[in-house]
Amino acid sequence: MIPLKDMITPVRYRITADTSLRQALAIMRENKWNLLPVTNKDHRLVGVFTRSSLYRMIMEQLDLETPIRDYIKENVSTLSITTSYSEVESIVRTSAVGTGVVVDDAERVVGLFTKTDMVLSLLKATSTLKDQLDTVLTHSTIGVVMTDENKQIIYVNERVCMMTGRKSSELQSTGLLSVFPEAGQALESGAPFHPMKVERLKAVLTMTSYENVRNKIGHIILFQDLSEIENIATELESVKSLKLSLQTAIDHAYDGIMMTDEKQYIQMVSPSLLELFQIEQKDILFKRADKVFPQFQLSKVYESEAAEVSDFKEINGIKYIVHRIPILQDGKVVGAIGKIMYRQLNEVSELFKKLQKAENKANYYHSEYQKAESAKFTWDHIISKDPYMEKLKKSATKAAKGRSTVLIRGESGTGKELFAHAVHNSSARKEGKFVVVNCAAIPEDLLESEFFGYEDGAFTGARNKGKIGKFDLANGGTLFLDEIGDMSLNLQAKLLRVLQEREFYRVGGTKRIQVDVRIIAATNRNLEEMVKEGIFREDLYYRLNVISFHIPPLRDRVGDIPLLIGKMVTELNAALNTSITGMDTLARDVLETYHWPGNVRELRNVMERAMTFAEHGKIQLEDLPEYMVVKRREKHIASYLPEVKMAESAERNAIENALEKTNGNKAKAARILGISRSGLYEKIKKYQLLR
């Protein structure tokens with residue numbers, strides 16, 4: 001029932017003994033209250049100011065600002081906010097007072113309660129209950145008919161209208177028996193519940209009685225639609241038939257089959273599975289699958305919700321595999337099927353191996369093809385701590401975001417191709433192809449067909465179906481033109497047209513081919529001098545030189561040599577199967593002072609040679625190429641000769657003085673010099689001091 005807190009009128013005013021007559025009058029007039037609860041400073045009730053008290057003060061012609069203190073009625077009964085509905089109902093029935101004060105557990109005023117409040121609350125609850133009941137009856141699958149004491153229909157729900165094919169307005173105020181004559185039998189029986197079948201409506205009729213507000217007896221008739229029950233029964237029969245068919249299929253399955261429910265308990269199992277594992281059906285049925293057959297791992301599909309095939313397993317020398325299949329319903333696993341395949345599996349295994357080899361081979365060639373036309377290096381592969389190189393990498397990264405042509409310049413071996421790879425991989429075209437053309441490595445008469453391709457029969461020796469060129473191949477990606485300075489003037493003109501128009505003709509063709517290719521060019525030649533000499537087109541130079549980067553030679557960034565050596569040692573150890581741990585100081589000194597005309601490429605070649613010949617775990621001076629060691633030795637001897645000459649002169653003078661002091665006695669002279677006599681003889685012979 002309705003709790004008291006939902007029926008009270010909240011009091012939002014603070015009324016005390018000092019409240020004036022004017023204020024009390026205004027509050028009672030505004031809210032139409034018969035009394036005001038008067039509280040102390042703790043909001044606890046001390047009494048009430050009633051409408052009678054108000055009249056007395058007015059009759060006594062008191063000033064409107066007079067406090068109501070002397071007119072407060074004390075010792076007032078209150079209602080607790082926790083009072084039950086039945087107690088409230090009893091109080092309302094017997095109390096002569098129209099308004100009560102409601103307090104909480106601490107005796108603080110929370111509101112007023114009147115008989116009107118209760119009536120309004122009950123009306124609201126009744127209305128809500130009626131709406132809820134109407135909703136239930138409207139959407140009910142049971143037909144409902146209600147009559148008054150004269151057996152006249154006063155209510156039907158939507159289900160009855162559907163069953164009879166008549167509107168609600170046609171049925172109401174109509175005699176029950178004229179519409180449902182079958183109800184007469186139920187009325188005659190007088191039983192409180194008398195179910196009976198109504199064939200024409202395909203329903204079961206049940207009747208009961210009720211007492212209305214006039215204390216008269218009416219009737220409620222319920223019609224249970226039999227078509228739904230029949231549909232359910234039909235479905236049950238279908239399920240039974242389906243289960244029987246499924247069990248028959250499983251019993252005659254060629255492979256072993258096991259079926260589990262949503263709790264992973266075995267519900268069905270085929271005879272072939274029992275035969276393979278030599279087990280009785282009664283020993284495994286209705287038991288958890290993983291407990292009986294842990295090797296099947298059927299519980300995995302309850303988590304993954306995806307079918308999967310196990311590796312080869314074996315029992316009694318017979319190989320088998322398990323195909324685990326989840327049974328899904330509304331996105332939830334409600335069971336699983338374990339299919340155990342073992343018959344003629346050896347032949348299947350051989351075919352599978354052949355297929356796997358073919359797939360591996362195809363995957364290998366596909367990956368090699370992808371590698372051939374893709375950029376392999378990023379900025380992380382360019383090792384440097386040189387400030388200029390770091391600035392160069394940042395600038396190139398920014399340039400990569402656009403589509404402008406990039407020209408990379410620098411000596412041979414400085415890493416121009418690495419820069420080109422890194423620019424492509426940090427651009428928006430990184431998913432496209434990266435095609436490399438070395439303009440110096442392809443003969444001039446073939447360079448045009450390599451660039452633009454050719455049509456069928458374009459020249460003697462051409463392929464029957466023609467060939468696409470590098471521009472076609474790089475469409476949507478990047479074309480890297482290495483050694484661009486070695487291109488002929490004739491081909492420079494055709495390249496310029498492609499850069500300007502973004503289109504070209506194949507050799508021997510008449511169809512215009514449009515492409516979207518970004519050009520990255522590289523050269524170690526002085527293009528400006530070549531332009532002056534007329535061997536490189538000026539307009540092509542300006543078209544290529546949109547964004548230009550110059551990679552400094554290794555001799556200008558000596559600080560990078562130790563970094564490169566460390567990186568190369570790691571890479572070459574893996575490639576050469578060596579175990580080099582470091583480098584001797586003299587050998588490192590030679591590498592750091594060498595002028596490196598071949599730049600990083602030469603450094604890698606030297607490291608590969610040295611690591612191949614190293615025998616002591618560290619690279620020694622003798623492991624380096626002879627031309628580097630000779631230059632080091634020549635420098636060392638050139639710096640050491642003046643010191644040797646001074647030492648020899650001093651040694652000669654000392655021997656002469658010792659011989660002079662001992663009058664040529666070689667034994668005494670040797671003792672003075674602190675050397676052996678034989679050693680003295682050798683020195684005398686060396687300096688030709690024989691006497």
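In what order do the 4 strands of the open sheet stand, and how are they paired? The points below take up this question and two further features of the model, which is a predicted one.

1. The open sheet follows the order β1-β6-β5-β4, and its pairing is mixed. Its edges are formed by β1 (9-10) and β4 (78-80), each of which pairs on one side only.

2. At the β1 edge, the partner is strand β6 (residues 109-114); the two run antiparallel and are joined by 2 bridges. Within this pairing, T9 lies opposite L112 of β6.

3. A nonpolar patch on the surface consists of L25, Y55, I58 and L64, whose accessible area together is about 340 Å². Of these residues, I58 belongs to helix α2 (residues 51-59). I58 has 43% relative accessibility and is therefore classed as partly exposed, because that class lies between the limits of 20% for buried and 50% for exposed.

4. Helix α15 (residues 416-425) presents another situation: it is mostly covered, with 7 of its 10 residues buried. The buried residues are K416, F419, A420, H421, A422, V423 and H424.

5. As to what covers these buried residues of α15, both helix and strand elements contribute. The helix among them is α14 (387-400). The strands include β18 (406-410), β19 (434-438), β22 (478-482), β25 (518-523) and β26 (547-551).

Conventions
Residues are numbered from 1 along each chain as its sequence is written. This is a predicted model: local features need pLDDT of at least 70, side-chain atom pairs count only at pLDDT 80 or more; totals for chains, interfaces and linings use all residues. Side-chain values use heavy atoms; hydrogens and water are left out. Two strands pair if DSSP finds at least two bridges between them. Patches are made of residues with over 30% relative accessible area and no salt bridge: like charges are joined within 9 Å, nonpolar side chains (Val, Leu, Ile, Met, Phe, Trp, Tyr) within 5 Å. Accessible areas come from the Shrake-Rupley method with a 1.4 Å probe; for residues, only the protein chains shown count as cover. A salt bridge is a side-chain nitrogen of Lys or Arg within 4 Å of a carboxyl oxygen of Asp or Glu. Buried means under 20% relative accessible area, exposed over 50%, partly exposed in between (1.4 Å probe, protein chains only). Contact means heavy atoms within 4.5 Å.
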